[in-house]
Structures are given as C-alpha cells and as structure tokens.
Amino acid sequence: MSIVITGNPGVGKHTITHEIAKNLELSIIDINETAKVEGLLEKNKNTNDVDTTKLKKVLEGKISEKNIVVGHLAPYVLEKNKVKIMIVLRRSPYDLITVYKERKYSDEKSRENTGSEILGIIAHDAINEFQEKVFQVNTSEKNIQEVVEKVMNIISGDKCDEEVDWLELVTKNNDLKKFFVD
Ligand SMILES: Nc1ncnc2c1ncn2[C@@H]1O[C@H](COP(=O)(O)OP(=O)(O)O)[C@@H](O)[C@H]1O
Ligand SMILES: [Mg+2]
C-alpha cells in the first residue's frame, strides 16, 4: 500500500511529493511518466489520452509501501487495496490561472483545468472510489512548507480533511462566466 498525491495540474503535486519522498525516504512513481515509458499515451491534438486499463495493470505490479505515487490520474488507475492514503491537493482557480499562464497552456486547456478544479472533479472521483482513504488539502494561502507539514500530519494519522468549495467562491465573485464561458 502506498501514499498517493493527486489533484489537477498546477496544484503543487510534484513539489509536495518530492518533499514527502525526501522526508520518508520513499521512491516516487510518477503516473504520467510511467504511462509514457510504457507507451500508453495516445497523442490526440493537444491532449494525451491514456489507456487506463493497461496503466492500472502496470501500476499494480510496481506499487509497494516504499513508494509515493503522484499524478492527476491516480483516482482512475489505482486499486483501493494498493492505496494507504490518497491526498487530493486543492488550489484556488485564481492561483491556477497564473500557473497555467506561466506554463503557456492554451485558453482551452486552462479553462478545462480550472473548470475541473472549481467543480472538484478529481476530489469527487477520488472519494467515490477510495472513501475514507481520501484527504483534501487546500494549498492556497499555505506556503510549500505548510502544505508539507499538513500532508505529513495526515500520513501520521491526523484525520483532518479540508472542505474546499471553489464554486461558492467563484459564484460569490460573480466569475462563473470568466471560467465557464468563452
Ligand atoms: N503551496 C504552494 N504555494 C505556492 N506555490 C506553490 C505551492 N506548491 C507548489 N507551488 C508552485 O506551483 C507551481 C506548480 O507546482 P507543481 O508541483 O509543478 O504542480 P503539479 O505537479 O501539481 O502540476 C510551481 O511553480 C510550484 O513551485
Ligand atoms: Mg506536475
């Protein structure tokens, strides 16, 4: 069983995963990297489609308690009995816009990912599949060290799940159109 870090692109998965891996002397299994190495990425225009059935099989053979697994696909490609804890990092869509600009995402790709974060799709799907093993951490208004501490506490047994509702925030700010309409 292993620790898993997931969430939308830009929430801080890789940054946090490296710190936790260092602290706990775990080796990192990067889901996207694994898919690439195994030739399971099908390139379609701007997006990568993944054969999740095959990827699930490959990962099942790799994962042990010595690993920390990272990737936005985690909820869709892992077996519950292989997962000790699944941390879903959540980040304000307003912060994500900045990250996506730096990464030069297209408007379409940026909107797709902020939309997914606002609706909490990965968190919803993770909870659906992994229930009590899932903990959300809000990374906005926390520095990297604070997020690492929070995640370390959860790994040590602290049952603290942070409620996140970006939809409420975006609605209150009258920004639904900004995120969901061209
Ligand atoms: N808690 C945080 N506060 C501020 N910036 C952060 C935090 N965590 C990560 N970052 C920054 O956000 C960007 C995206 O982080 P990254 O780890 O690449 O995300 P992901 O792997 O989820 O795509 C990086 O520039 C990183 O330095
Ligand atoms: Mg990353």
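A salt bridge is counted here when a side-chain nitrogen of Lys or Arg lies within 4 Å of a carboxyl oxygen of Asp or Glu. The exercises below concern a predicted model, and by this definition the structure holds 6 salt bridges.

**Exercise 1. Salt bridges and the parts they join**

Task: For the pairs Lys-80 with Glu-132, Arg-90 with Glu-117, and Glu-162 with Lys-142, work out which parts of the chain are tied together, and state whether the partners are buried or exposed.

Solution.

Step 1. In the salt bridge between Lys-80 and Glu-132, the closest N and O atoms are 3.4 Å apart. Lys-80 belongs to the loop between H4 and S6, while Glu-132 belongs to the loop between H7 and S7, so this pair ties together parts that are 52 residues apart in sequence. Lys-80 is partly exposed, at 27% relative accessibility, whereas Glu-132, at 53%, is exposed.

Step 2. Arg-90 and Glu-117 meet through their side chains with an N to O distance of 2.7 Å. Because Arg-90 lies in strand S6 and Glu-117 in helix H6, their salt bridge ties together parts that are 27 residues apart in sequence. Here both partners are buried: Arg-90 has a relative accessibility of 3%, and Glu-117 has one of 1%.

Step 3. Between Glu-162 and Lys-142 the N to O distance is 2.9 Å. Glu-162 sits in the loop between H8 and H9 and Lys-142 in the loop between S7 and H8, so the parts tied together are 20 residues apart in sequence. Glu-162 is buried, with a relative accessible area of 16%, and Lys-142 is partly exposed at 22%. This pair does not stand alone, for Lys-142, Lys-150 and Glu-162 are linked in a network of salt bridges.

**Exercise 2. The two sides of helix H7**

Task: Determine which residues of helix H7 are buried, how they are arranged about the helix axis, and what covers them.

Solution.

Step 1. Helix H7 spans residues 121–130, and its buried residues are Ile-122, Ala-123, Ala-126 and Phe-130.

Step 2. When H7 is viewed down its axis, these buried residues fall within an arc of 95°, so they line one face of the helix. The spacing fits a general rule: an α-helix has 3.6 residues a turn, so residues three or four places apart point the same way.

Step 3. On the face turned away from the buried side, H7 carries the exposed residues His-124 and Asn-128.

Step 4. The cover over the buried residues of H7 includes strand S1 (2–6), helix H4 (74–77), strand S6 (83–90) and S7.

Step 5. After H7 comes Gln-131, which has a positive phi, near 35°.

**Exercise 3. A residue of H7 in a surface patch**

Task: Describe the setting of Ile-121, and find which nonpolar residues make a surface patch with this residue.

Solution.

Step 1. Ile-121 is part of helix H7 and counts as partly exposed, with a relative accessibility of 35%.

Step 2. Beyond residues up to four places away in sequence, Ile-121 touches Tyr-76 and Ser-116. From C-alpha to C-alpha, Ile-121 and Asn-8 are 9.0 Å apart in space, although 113 residues separate them in sequence.

Step 3. Together with Tyr-76, Leu-119, Leu-167, Leu-176, Phe-180 and Val-181, Ile-121 makes a nonpolar surface patch of about 560 Å². Val-181, in the segment after helix H10 (176–180), is partly exposed at 43% relative accessibility.

**Exercise 4. Two residues of one loop**

Task: Thr-139 and Glu-141 both belong to the loop between S7 and H8; establish whether each is buried or exposed, and what Thr-139 contacts.

Solution.

Step 1. The loop holding Thr-139 runs between strand S7 (134–138) and helix H8 (144–155). Thr-139 is buried, with a relative accessible area of 8%, since buried means under 20%.

Step 2. The side chain of Thr-139 reaches the backbone oxygen of Val-11 at 3.5 Å. If neighbours within four places in sequence are set aside, Thr-139 is in contact with Val-11, Leu-89, Arg-90, Arg-91 and Val-147.

Step 3. Glu-141, by contrast, is exposed, with a relative accessible area of 83%. Its phi is positive, about 65°, although Glu-141 is not a glycine.

Conventions. Residues numbered from 1 in each chain as written. Chains lettered and ligands numbered in written order. Predicted model: local features only at pLDDT ≥ 70, side-chain atom pairs only at ≥ 80, totals over all residues. Heavy atoms only, no water. Helix = DSSP H or I, 4+ residues; strand = E, 2+ residues; numbered from the N terminus. Buried < 20%, exposed > 50% of the residue type's maximum accessible area, 1.4 Å probe, protein only. Polar contact = N/O pair within 3.5 Å; in protein donor to acceptor, adjacent residues only side chain to side chain. Contact = heavy atoms within 4.5 Å. Arc of directions from axis to C-beta. Patch = residues over 30% accessible without salt bridge, like charges linked within 9 Å, V, L, I, M, F, W, Y side chains within 5 Å. Areas by Shrake-Rupley, 256 points an atom, 1.4 Å probe, with all protein chains shown as cover.
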